[in-house]
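Me: I should be grateful for a close look at a single part of this model, with the surroundings of that part described in one connected account.

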Amino acid sequence: MNRPPSATRYNQRIPHMRARTFSGRGLGWLSSFMLVTVFLPSFLSASPLSDTARQLAHKIAAASGPGAFALEFTNRSSLDEKSAREVRGALEAQLHVEGVHIAKPEQATGLVEVVLSESLRNYVWTAVIAIGSDEKKVALVSLPRPPTGAAVAPVMPIAVKTALLFAQEQPMLDVALVEMPGGLRLIVLGSDAVSIYDRQGASPSGNSIGRWELETSLPITHARPFPRDLRGRLLQRRDHLFDVYLPGIVCHSTPNAVAPLNLACSETDDPWPLTPDDSVRAFYASTRNFFTGALSPGIGKISNVPSFYAAAAFQRTNYTLWAFAAVDGSLHLVDGVTDQAIRGASLKWGSDLAAVRSNCGAGTQLVVSESDDTAHETLRDIGHDSLLAFEIPDRDPVAVSAAAEFDGQITALWPDSAGNGATAVVRKKDTGWYEAYRVSLTCGN
Amino acid sequence: MRPIAYLLLAAISLLGAVAAETRPHYGGTLRVMLQSAPSALDLPANATPAEYWDLSRTLSLIGNTLVRIDAQGRPQPALAVAWQSDASASHWQFTLRRGVKFHDGSAASPAAIAQILGALHSGWNVRAVADSITIESAPPLPSLLAELALPRNLALKRNANGAPPVGTGPFLVAEWQPSQFLKLAANEESWEGRPFVDAVEIEFGKAQRDQAIALELGKTDVIEEAPQSASGSQPHSTSSVSLPTELLALVFPVNSRANDPRLREALALAINRKPIQSVLLKGAGEPAASILPNWMTGFSAVFSAQANAQEARILLADSHQPAPNLTCELSYDPRDPQAQLIAERIALNAREVGITVQVSLSGAEDIRLVRVVLPSPDPATSLGEAARQLGLPQPAFSATAGGDTLEDLYQTERSLLEAHAVIPLFHLPVATAEGARVRDWSPERRGQWSASRLSLADFWLSDLRSTASRADLPGQAGSR
């Protein structure tokens with residue numbers, strides 16, 4: 001939900017400035033000396049905030065000329081107090097260098113009112129310079145605001161463990177880590193391309209994980225429009241690097257031995273694999289966001305289930321149990337003979353699920369998305385989805401983990417090719433960026 | 001499985017599905033109520049703010065613009081997938097998206113789009129060239145992308161006989177009763193993907209009070225709210241308040257008898273905006289002395305909105321126009337529920353410094369209390385549009401495609417204000433409220449309903465069972 005801008009905030013007076021205000025001439029000299037010798041070197045270090053503060057000081061000095069000025073400094077922007085102090089420090093230091101001395105109002109020949117503000121995209125800092133009764137002069141500077149992303153969601157210490165893999169502004173449908181000649185690569189499936197990233201700056205000791213840099217981007221062309229809630233699947237293959245499944249489209253990469261890597265796409269309604277070994281496939285509705293329910297081949301005697309968003313398989317002693325998150329909100333458990341539907345208030349699951357092998361508890365758990373539905377009912381903030389792990393000991397799901405909450409909506413959840421983890425893509429509530437997480441389960445909690 | 005477990009499952013299954021789905025559902029009809037009662041699906045140049053919001057929101061569901069502006073104020077592809085301009089911003093080229101069709105099945109070809117835009121802007125030379133259109137203009141168009149993103153530039157085909165417009169957007173017109181009712185159906189062929197809901201039903205001409213009651217009774221899903229009421233006080237709805245996108249201001253018509261700049265400046269200094277904001281606007285909006293709100297420019301603090309009665313009296317003493325001898329007639333829009341009270345409060349402030357202001361809806365007006373829409377996040381575009389609505393001269397910016405510099409924008413706004421033809425009072429937001437079954441949607445921060453990933457076409461309904469159609473409501477049966 002959108003909210004009005006936050007209330008105006010004013011900085012606390014800065015201790016060393018307060019000392020200046022109440023000091024006499026001797027102390028004023030001393031504090032000026034301290035300012036130049038102690039604070040100036042740090043402010044001179046390259047920082048966009050400090051650089052821009054110095055630009056503003058330069059403009060103020062050009063408008064005011066040298067002399068003694070009172071300074072009023074107000075932070076009405078989203079800059080935190082530490083940053084505002086940095087700006088003020090750099091501003092005062094540069095003003096001092098340019099011959100503008102900060103003085104008490106009764107000793108000043110003019111007043112400089114500095115306001116740190118911001119627009120939609122930029123920090124905007126204004127200075128109104130008043131000298132005597134003359135017309136006021138205005139100085140303006142700006143610098144781009146960084147995205148207002150909050151810190152990465154903390155790793156949950158209990159059972160569901162999440163680790164941030166990658167973040168970008170454009171939607172991500174699926175992500176995979178792949179060993180390729182030359183090292184590890186991150187493959188990102190977007191709506192119009194598969195992008196491959198190489199890790200740069202990683203140290204062999206593992207002390208530095210480095211950062212991902214785009215190596216190549218393979219475009220995906222399609223004639224038919226994609227549905228709005230676009231979903232896609234990235235599957236690693238043994239005989240070639242990967243396949244891509246999108247609504248109405250299947251793409252195959254060239255074998256990884258062939259350079260350069262290419263992607264061959266064709267429009268087809270072929271069923272999507274539900275498991276890494278392709279043992280069961282399901283047809284995807286090319287203009288919607290769900291599987292139609294038609295299976296190929298079927299699970300035992302059952303070849304049709306209700307339309308569903310996601311499916312997961314558990315290996316039992318004598319059979320495989322399948323769980324389907326149906327479009328109508330129910331959970332269907334299919335063992336090859338029966339199709340058992342579970343509905344009701346006790347089942348507050350989301351639309352996505354994935355089987356993850358943990359080798360603890362029952363060995364394999366179901367990781368399930370869950371929306372903050374109660375928030376909607378109580379008018380609290382919505383859009384904080386979470387992941388929970390469940391087991392189905394006797395066809396009745398039992399939660400075995402605490403919720404790992406994300407600061408946004410889970411837009412994708414797919415099991416990885418090895419089956420011991422999953423990939424979750426989250427659209428951040430505050431920035432709208434997409435973050436891909438590797439999800440795994442840990443024991444002993 | 002043990003028999004008791006099957007019994008338990010069977011019992012649970014009878015409770016009905018109350019799952020917390022995270023993925024959008026398809027289906028259902030969204031019901032919307034709006035204030036204005038337009039006789040045509042067209043956005044008139046002299047639209048009131050209420051008409052502007054209602055029609056621009058509605059038309060944006062039917063049509064698309066060449067580009068759109070995202071939440072960060074950056075241009076993004078829509079019908080155009082790429083664009084470029086020359087250094088002077090006089091010549092622009094837009095590469096159009098392939099395969100897009102109008103709702104009537106005809107291709108949204110460069111020729112068709114060029115014809116629509118050319119008809120909207122006689123001063124532009126719009127031509128179709130291969131898979132692109134070019135736009136040329138003698139005065140440079142540095143803010144063309146922001147201009148093209150405005151609802152008035154939606155690519156809509158219109159018929160001379162008053163039939164509803166035909167667009168390329170996510171919904172097509174299924175039924176239109178002028179001034180009363182519009183039914184939109186999902187466009188299965190939408191290039192952005194089919195909307196999640198099957199239909200949108202919009203009832204026009206509903207007073208805000210009636211809208212609030214209907215929302216509380218579950219007879220509608222989305223309504224407009226007064227910003228001062230948007231506190232989420234209703235138990236089963238969520239309110240959304242935009243960034244300030246309207247300006248409430250006093251404007252002096254050309255033939256105003258209050259023509260001495262010092263008298264006007266004294267009036268500006270006499271107005272105490274804080275009590276008006278806290279009492280009459282119930283905290284909504286921001287006191288303003290600038291045309292553009294701070295979120296657009298970042299420098300509104302430079303223009304002081306502080307009242308200063310003492311300085312006002314000094315200015316009056318120097319005025320060529322002795323204030324006691326002049327009674328200024330202040331008019332307002334009677335359709336604006338707050339306007340009369342605000343006008344009377346301004347008159348009171350004016351009298352306190354010695355300016356006689358009479359609030360009146362008849363006779364020659366010297367001052368007009370107006371509310372104007374600031375339609376674009378691009379400050380240059382909004383400043384130009386505000387100037388047009390306020391009757392001020394069009395601002396002149398430097399002609400570069402990279403946008404106007406901060407200094408240039410500041411100087412331009414300042415020069416508009418220094419003419420003392422307008423006294424900005426408040427920047428006001430717009431508000432909407434949606435019922436509990438509307439999911440994944442909140443209006444974008446600028447009040448529109450069509451931004452990328454925030455469109456009405458992107459929301460979905462969590463409960464498809466309890467949709468009472470308009471024909472089922474009391475007093476509506478047989479109306480269509």
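Reply: In this predicted model, a convenient place to begin is A312(B), which is in contact with A266(B), L269(B), A270(B) and V353(B), its neighbours within four places in sequence being left aside. A312(B) itself belongs to helix α9 of chain B, which spans residues 309-318. Because 26 C-beta neighbours lie inside 10 Å of it, where 20 or more are required, A312(B) counts as buried. One of its contacts, A270(B), is 42 residues away in sequence, yet the two C-alpha atoms are 6.0 Å apart in space.

Two of the residues that touch A312(B), namely A270(B) and V353(B), also take part in a contact between two other helices. These are helix α6 of chain B (residues 261-270) and helix α10 of chain B (residues 339-353), which pack at an angle of about 115° with their axes 9 Å apart. Since angles of 65 to 115 degrees count as roughly perpendicular, α6(B) is described as roughly perpendicular to α10(B). The crossing of the two helices is right-handed. On the side of α6(B), the contact is made by A266(B), L267(B) and A270(B), and on the side of α10(B) by N349(B), A350(B), E352(B) and V353(B). By class, five of these residues are nonpolar, one is polar and one is charged. A266(B), too, appears both in this helix contact and among the contacts of A312(B).

The chain around this site can be summarised as follows. Chain B contains 12 helices and 21 strands. Of its 480 residues, 51% are buried. Among the contacts in chain B with a separation of 6 or more, 69% join residues 24 or more positions apart; the pair A312(B) and A270(B), 42 residues apart in sequence, is in contact.

Chain A offers strands to set beside this helical site. Strand β21 of chain A (residues 331-334) is covered on both faces: L331(A) and L333(A) are buried on one side, and H332(A) and V334(A) are buried on the other. Strand β20 of chain A (residues 320-326) runs antiparallel to β21(A) and is joined to it by four bridges, with A325(A) opposite L331(A). The two strands form a hairpin with four residues between them, and G329(A) in the turn has a positive phi of about 95°. β21(A) also pairs in the antiparallel sense with strand β22 of chain A (residues 339-342), over four bridges; here L333(A) stands opposite Q340(A). This hairpin likewise has four residues between its strands, and G336(A) in the turn has a positive phi of about 100°.

Strand β12 of chain A (residues 242-246) is largely enclosed by the rest of the structure, because four of its five residues are buried. Strand β11 of chain A (residues 233-236) runs antiparallel to β12(A) and is joined to it by four bridges, among them the pairing of L234(A) with V244(A). β11(A) and β12(A) form a hairpin with five residues between them. β12(A) pairs with strand β13 of chain A (residues 249-253), again in the antiparallel sense over four bridges, and Y245(A) has V250(A) as its bridge partner. Two residues lie between the strands of this hairpin, in which G248(A) takes a positive phi near 80°.

Technical notes: Residues numbered from 1 in each chain as written. Chains lettered and ligands numbered in written order. Predicted model: local features only at pLDDT ≥ 70, side-chain atom pairs only at ≥ 80, totals over all residues. Axes fitted to C-alpha atoms, helices over the stretch in contact; angles between N-to-C directions. Parallel < 35°, antiparallel > 145°, perpendicular 65-115°, else oblique. Left-handed = near helix turned anticlockwise from the far one by under 90°. Contact = placed C-beta atoms within 7 Å. Nonpolar A, V, L, I, M, F, W, Y, C, P; charged D, E, K, R; others polar. Buried ≥ 20, exposed ≤ 12 C-beta atoms within 10 Å, placed from the backbone. Pairing = 2+ DSSP bridges.
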